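Here is a walk through one protein chain, starting with a term that keeps coming up and then moving from the whole fold to single residues. Keep the viewer open and click along.

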Amino acid sequence: MNDTSWQQALFTQSAPELGNQYRDDPLLAGWLRRTLPADVLRDVEPELDELGGVAGGALYRLQLADRLNEPCLLQWDAWGNRVDTVEVTALWREAERLTLRHGLVATAYERTHGRHARIEQFAKVYLFHPSSDVYTCPLAMTDGAARTLIESGNQALIARALPQLTSRDPATFWTSGQWMTETTGGSDVGRSQTRAVQDGAGWRLYGRKWFTSAVTAQMALTLARPEGNAPGGKGLAMFYLELRDAGGRLNGLRVDRLKDKLGTRKVPTAEIMLEGTRAELVGEPVNGTRAIEPMLGVTRMWNSVCAVAFMRRGLALARSFAAKREAFGAPLAEQPLHADTLAALEAETWGAFLMTFMLVELHGRLEAGEIDAGQRALLRLVTPLTKLVTGKQAVAVTSEVIEGFGGAGYVEDTGLPQLLRDAQVLPIWEGTTNVLSLDALLRSDLHAGLAALMGRVSACVRSLSDPRLAAAGRQAMGAVERSALWIQSGHDRDVLQASARRLALTLGRALQLALLCEHAQWLLDRAGDRRGVAAALRYSRVPVDLMHEVDPELDRVLLGSG
Ligand SMILES: Cc1cc2nc3c(=O)[nH]c(=O)nc-3n(C[C@H](O)[C@H](O)[C@H](O)COP(=O)(O)OP(=O)(O)OC[C@H]3O[C@@H](n4cnc5c(N)ncnc54)[C@H](O)[C@@H]3O)c2cc1C
């Protein structure tokens with residue numbers, strides 16, 4: 001007799017589930033209620049609700065089903081023609097459809113809600129991103145290219161490309177690449193080797209671009225050195241190019257291969273050889289690194305939103321699992337230490353969210369021309385700070401989320417490992433943590449930025465009547481004041497540089513804590529909601545001030561190079 005009843009009695013763990021990602025996110029809904037006028041919120045909420053449903057439902061299911069598919073590069077056709085076409089995944093095709101339906105780039109340029117347009121756009125992106133297999137990467141560059149062209153004032157290129165970049169129509173929509181990194185370096189782009197040679201009224205480019213995501217774009221903004229220009233960043237110029245002509249033929253370039261990457265595997269990141277690519281100068285034939293800065297301002301904001309969206313997604317999954325999974329006689333959610341672990345992640349996510357959406361709000365003000373000098377200085381400083389702090393938080397939070405699932409978190413077909421792998425790119429592209437820290441610290445306008453940041457933190461502190469929040473607010477203010485003093489105390493260059501990351505993280509975490517306290521007070525006053533207080537106090541228990549004495553000479557001894 002074959003008795004299989006014991007097999008039927010074997011335990012099977014049910015999978016984590018996602019609900020409507022808008023309705024399940026009281027932080028987003030609460031912050032929007034606090035920030036947007038009531039009529040604007042009424043206008044945007046139905047679409048957020050729809051997108052929240054799709055992101056936690058059909059798109060998430062498609063993402064899991066599409067897990068093993070990756071983009072494919074076809075270099076030659078059957079007749080020996082070089083074609084270099086890239087077939088993207090089914091999820092990416094659906095992501096494009098949703099992008100157009102919800103205007104994930106277009107919303108920022110239609111400006112239906114004036115200075116709130118960026119908030120509306122990024123609330124949608126925040127819901128969409130974790131189910132999109134990083135389709136947000138080309139969208140970020142598309143948005144960045146649109147903004148850069150507008151700032152360049154080049155009316156011919158604006159007329160040619162802007163309607164496509166901001167289109168909601170699949171027949172006309174274009175994405176853009178941003179081709180900066182070469183084999184010589186992505187941080188020190190001044191070492192770029194790509195040459196620009198004048199050819200009649202236009203230019204031809206020769207060189208190799210080493211990381212180009214996503215190579216499915218119709219156009220790109222890139223840097224190249226016009227012949228005879230000086231070495232370094234100033235000698236580079238910014239160029240506009242289209243990848244194919246009207247007949248679909250490649251514009252003097254070759255896609256050598258797609259990169260085999262740790263994560264973002266659905267993003268076709270290519271190595272490209274420019275072999276006389278026709279291009280147009282966007283502005284002056286020098287100062288390209290400065291000309292392309294608007295691109296970075298936008299893509300770093302996207303990066304921050306994607307970081308906080310990954311944290312939110314990881315937590316949504318981890319909390320669902322903790323409610324279902326039992327150990328030692330109770331669901332994980334009721335085990336004090338597991339709850340403590342998740343609470344720490346929740347507090348990090350709240351802090352990252354508030355800083356990121358403050359940045360988004362400021363950016364919306366800038367583009368609507370409703371920004372004062374202090375807010376402008378704050379925006380400049382918090383753009384690199386937010387990108388670098390949230391990038392680190394996203395990796396830390398998603399790593400802990402993986403552990404929160406035990407072995408299942410390490411198993412590919414749960415879909416969970418991808419979360420950590422994809423998050424790991426966030427501190428690398430669009431400027432690494434170290435490079436952005438140096439950028440923030442060595443900027444000529446640091447003092448204006450610091451004064452604005454102090455002003456913002458002290459406004460938060462002044463809004464606090466709850467004594468526990470007031471104490472946490474003072475902790476944030478103290479960390480900013482000590483950082484400012486440290487900057488002013490005339491350290492030598494090596495000490496300054498060696499401390500830049502700790503300083504940037506201290507300023508970023510202090511701002512997050514102050515914003516947490518401010519939001520917590522609002523939640524408390526408005527509805528007696530204590531969640532914000534819990535997040536702020538929890539966040540305040542991790543040291544905010546990360547500064548300590550450094551000795552670069554001793555570091556060199558430790559590394560064996562002293
Ligand atoms: C998946 C993916 C997609 C990408 N897509 C694009 C794209 O579409 N377009 C594009 O242009 N680029 C793209 N990049 C490239 C990316 O922007 C670069 O990898 C990044 O800027 C770092 O440059 P690098 O790789 O040359 O590293 P390096 O510049 O060599 O840096 C190596 C390390 O040195 C550190 N470092 C450098 N200088 C200093 C310093 N002065 N002090 C302290 N530390 C320092 C950095 O922080 C880093 O940790 C992509 C990268 C990845 C991973």
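## What counts as buried

A residue is called buried when its relative accessible area is under 20%, and exposed when that area is over 50%. D133 has a relative accessible area of 2%, so D133 is buried. One thing to keep in mind while you look around: this is a predicted model.

## The whole chain

In terms of secondary structure, you're looking at 20 helices and eleven strands. The radius of gyration is 24 Å, close to the 24 Å that the globule rule gives for 562 residues, so the chain is as compact as a globular protein of that length. Measure out the C-alpha trace along its principal axes and you get a span of about 80 × 75 × 60 Å.

How much of the chain is buried? Of the 562 residues, 55% make the cut. Now take the contacts with a separation of 6 or more: 75% of them come from residues 24 or more positions apart. As for the outside, the accessible surface comes to about 23,900 Å², and carbon and sulfur atoms hold 52% of that. On the charge side, there are 62 positive and 65 negative side chains, with the centres of the two sets 2 Å apart.

## The nonpolar core

Nonpolar side chains tend to be buried together in soluble globular proteins. In this chain, the largest nonpolar core has 174 residues, and L32 and L221 are the ones with the most contacts inside it. Which helix gives the most to this core? That's α11, which spans residues 293–324 and puts in 17 residues.

## Helix α19, mostly covered

Helix α19 runs over residues 531–540, and seven of its ten residues are buried. Those buried residues are G532, V533, A535, A536, L537, Y539 and S540.

What do they pack against? The buried residues of α19 pack against four helices you can pick out in the viewer: α12 (336–367), α13 (373–404), α17 (467–488) and α18 (493–527).

## Two residues with positive phi

D133 and F328 are worth a click each. D133 isn't a glycine, yet it has a positive phi of about 50°. You'll find D133 in the loop between α7 (117–128) and α8.

F328 isn't a glycine either, and it has a positive phi of about 50°. F328 sits in the loop between β10 (326–327) and β11 (330–331). Is F328 buried or exposed? With a relative accessible area of 85%, F328 is exposed, whereas D133 is buried at 2%.

## Buried spots in two helices

G144 lies in helix α8, residues 136–152. At 0% relative accessibility, G144 counts as buried. Setting aside neighbours within four places in sequence, G144 is in contact with M295 and V298. For a sense of distance, G144 and S131 are 13 residues apart in sequence, and their C-alpha atoms are 22 Å apart in space.

V397 belongs to helix α13 and counts as buried at 2% relative accessibility. Leaving out residues up to four places away in sequence, V397 touches M311, L345, E348 and T349. V397 and E346 are 51 residues apart along the sequence, and 8.9 Å apart from C-alpha to C-alpha.

## A323 and G202

A323 is in helix α11. With a relative accessible area of 53%, A323 is exposed. Beyond its neighbours within four places in sequence, A323 is in contact with P331 and A333. The C-alpha atoms of A323 and A377 are separated by 45 Å, with their positions 54 residues apart along the chain.

Finish on a strand: G202 is in β5, which covers residues 202–212. Not counting residues up to four places away in sequence, G202 touches V197 and A279. G202 and Q63 are 139 residues apart along the chain, and their C-alpha atoms are separated by 43 Å.

Definitions and conventions. Residues numbered from 1 in each chain as written. Predicted model: local features only at pLDDT ≥ 70, side-chain atom pairs only at ≥ 80, totals over all residues. Heavy atoms only, no water. Contact = heavy atoms within 4.5 Å. Rg over C-alpha atoms; globule rule 2.2 N^0.38 Å. Buried < 20%, exposed > 50% of the residue type's maximum accessible area, 1.4 Å probe, protein only. Areas by Shrake-Rupley, 256 points an atom, 1.4 Å probe, with all protein chains shown as cover. Lys, Arg positive; Asp, Glu negative; His and termini not counted. Charge placed at Lys NZ, Arg CZ, Asp CG, Glu CD. Core = buried A, V, L, I, M, F, W, Y, C linked by side-chain atoms within 4.5 Å.
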